[in-house]
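Colleague: I should like to learn how to read a model of this kind, from its surface to individual residues. May we proceed feature by feature?

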Amino acid sequence: MCKTILYVDPGHAFGLKKRTHPFYAKDFDIVDQYSFAKTDLSGYRCISIPGFIDQEYMQTQRDKILEFLHDGKILIFCGHLFRDWIPGASMFIPKKINSFQDYAVHIQKNHMIFKGVKEDDMTYNKGVAGFFARGFYQPPKQAEILLTLGENEVVTYIDQNTTNGIILLHAGNDLFSYMQANKTTDRISTQTFAWVQAAYDQRQKERVSN
Amino acid sequence: MRKIAILYSGNSVHHKTFYDPRFKKYIASHIYLPELASTALDEFDVLYVPSQLNGHLLLQSKEKIINFAENGGIVAVFGPQPWTWIPNQNWEERPTNFWWWLEKDAKSGLNLVNPDYHLFHYITLADVTWHHHGVYWPIEGCEVLIATDDGGAIFYVDQVSTKGTWIVATIDPDYHFGSYFMPATERFLLGFFPWLAEGKI
């Protein structure tokens, strides 16, 4: 039986611990990126794709992803997009940095993913800024803007309009990796998972009523 | 100028790093990793193996890369190495201290073992100093260029394990430069590529 989320694994050195981590073991099936083409997606509510993914390959999987979204399901990509495989998404734009304050993360909307998360905990790690996000996206019209750098540079958005499904795009590290740092950012992993379940249920209800 | 081929993973950091015109001008070919098994390496002098490659594909091509070195090629390998595939590889993973530079009287713990080595006409110790994820313990006959205080190799050259040359480093400049983080990595690559292309090895 499929778990809630399919995590597409780039198979890189930094990602090895995810394969055995209890958080992922509970709710994620993990598949090597090059097996994505032959993976049956029908049982999954969400696909989570990290920044180390081979985007040349993902570009060849654009139709499969679109089909998944057409079923009212969720796609999460956390990283720097440079190929066109996510419907409605722009390419990643690196931010011009003049001062560490340019890395300041702002919450634009009260949303369950970032509930109780302090902006400074996202911006700073041991007093150093720049770990959370170093660039942004030009979101599609009507996207829900969750986080920005400065006032306008969109780090995180949710797009429920471009397809029948839901796209969460984040210009930083895997949102599910925020845990065990003893600060409010630890909430992001579990709250993103809770959002996946709630957003999926809501979208499926809407599809039935339509 | 040596003919350099790079293994290109298709991820965003490698795309950013290896298509930057300042580095791309030294690269004769970007070999897409899924196509490595079917790509001839005979025409190249150097194969650059960056950090964070897909482990399955890398290990599938282990013999091919070793054969390239046995034919006299230069293989440059970067990053933490959880898979055993480099000849006489003796990797020790260590916890990464990202924060040493915030401490009082901060010391990176890195040392140039052979400051006269030709690479250091192109880069300085500061250009390789950010953090590392482990060390190597190379076999006798290898030339350790940069080491930790306790002698673990951060950067070494092995001309004894095969008929070619292995340049092996635990640091991961391709990742940090490509993720817009860590200015030393830019300086490192600006020096390393010209050395790899033209320097004394």
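Colleague: How much accessible surface does chain A have, and what share of it belongs to carbon and sulfur atoms?

Modeller: The model is a predicted one. The accessible surface of chain A amounts to about 9300 Å², and carbon and sulfur atoms contribute 48% of that area.

Colleague: What percentage of the residues count as buried?

Modeller: The cut-off for burial is a relative accessible area under 20%. In chain A, 55% of the 210 residues count as buried.

Colleague: How should the overall fold be read: which secondary structure elements does chain A contain?

Modeller: Chain A holds 5 helices and 12 strands. Its radius of gyration is 16 Å, close to the 17 Å given by the globule rule for 210 residues, so chain A is as compact as a globular protein of that length. Along the principal axes, the C-alpha trace spans about 45 × 40 × 30 Å.

Colleague: What share of the contacts in chain A joins residues 24 or more positions apart?

Modeller: Among contacts with a separation of 6 or more, such pairs account for 66%.

Colleague: How are the charged side chains of chain A distributed?

Modeller: One counts each sign and then compares the centres of the two sets. Chain A carries 24 positive and 23 negative side chains, with the two centres 3 Å apart.

Colleague: Let us turn to single residues. Is Asp174(A) buried or exposed?

Modeller: Asp174(A) has a relative accessible area of 6%, and because the limit for burial is 20%, it counts as buried. This residue sits in the loop between β12 (166–170) and α5 (187–209).

Colleague: Which partners does the side chain of Asp174(A) reach?

Modeller: A polar contact of 3.2 Å links it to the side chain of Tyr24(A). The side chain of Asp174(A) also reaches the backbone nitrogen of Phe176(A), at 3.0 Å. Leaving aside residues up to four places away in sequence, Asp174(A) touches Tyr7(A), Lys18(A), Tyr24(A), Ser48(A) and Cys78(A).

Colleague: Finally, backbone torsions. Where does Gln142(A) lie, and what is its phi?

Modeller: Gln142(A) belongs to the loop between β9 (135–136) and β10 (144–149). Its phi is positive, about 75°, although the residue is not a glycine. Gln142(A) counts as exposed, at 67% relative accessibility.

Colleague: What is the phi of Asn182(A), and is the residue buried or exposed?

Modeller: Asn182(A), likewise not a glycine, has a positive phi near 55°. Asn182(A) is exposed, with a relative accessible area of 76%, and is placed in the loop between β12 and α5. Asp174(A) also lies in the loop between these two elements.

How values were computed: Residues are numbered from 1 along each chain as its sequence is written. Chains are lettered from A and ligands numbered from 1 in the order in which they are written. This is a predicted model: local features need pLDDT of at least 70, side-chain atom pairs count only at pLDDT 80 or more; totals for chains, interfaces and linings use all residues. Side-chain values use heavy atoms; hydrogens and water are left out. Helices (H or I, at least four residues) and strands (E, at least two) are DSSP runs, numbered from the N terminus. The radius of gyration is taken over C-alpha atoms; the globule rule is 2.2 Å times the number of residues to the power 0.38. Buried means under 20% relative accessible area, exposed over 50%, partly exposed in between (1.4 Å probe, protein chains only). Contact means heavy atoms within 4.5 Å. Accessible areas come from the Shrake-Rupley method with a 1.4 Å probe; for residues, only the protein chains shown count as cover. Lys and Arg count as positive and Asp and Glu as negative; His and the chain ends are not counted. The place of a charge is taken as NZ of Lys, CZ of Arg, CG of Asp or CD of Glu. A polar contact is a pair of N or O atoms within 3.5 Å; within protein, one must be able to donate a hydrogen and the other to accept it, and residues adjacent in sequence count only if both atoms are side-chain atoms.
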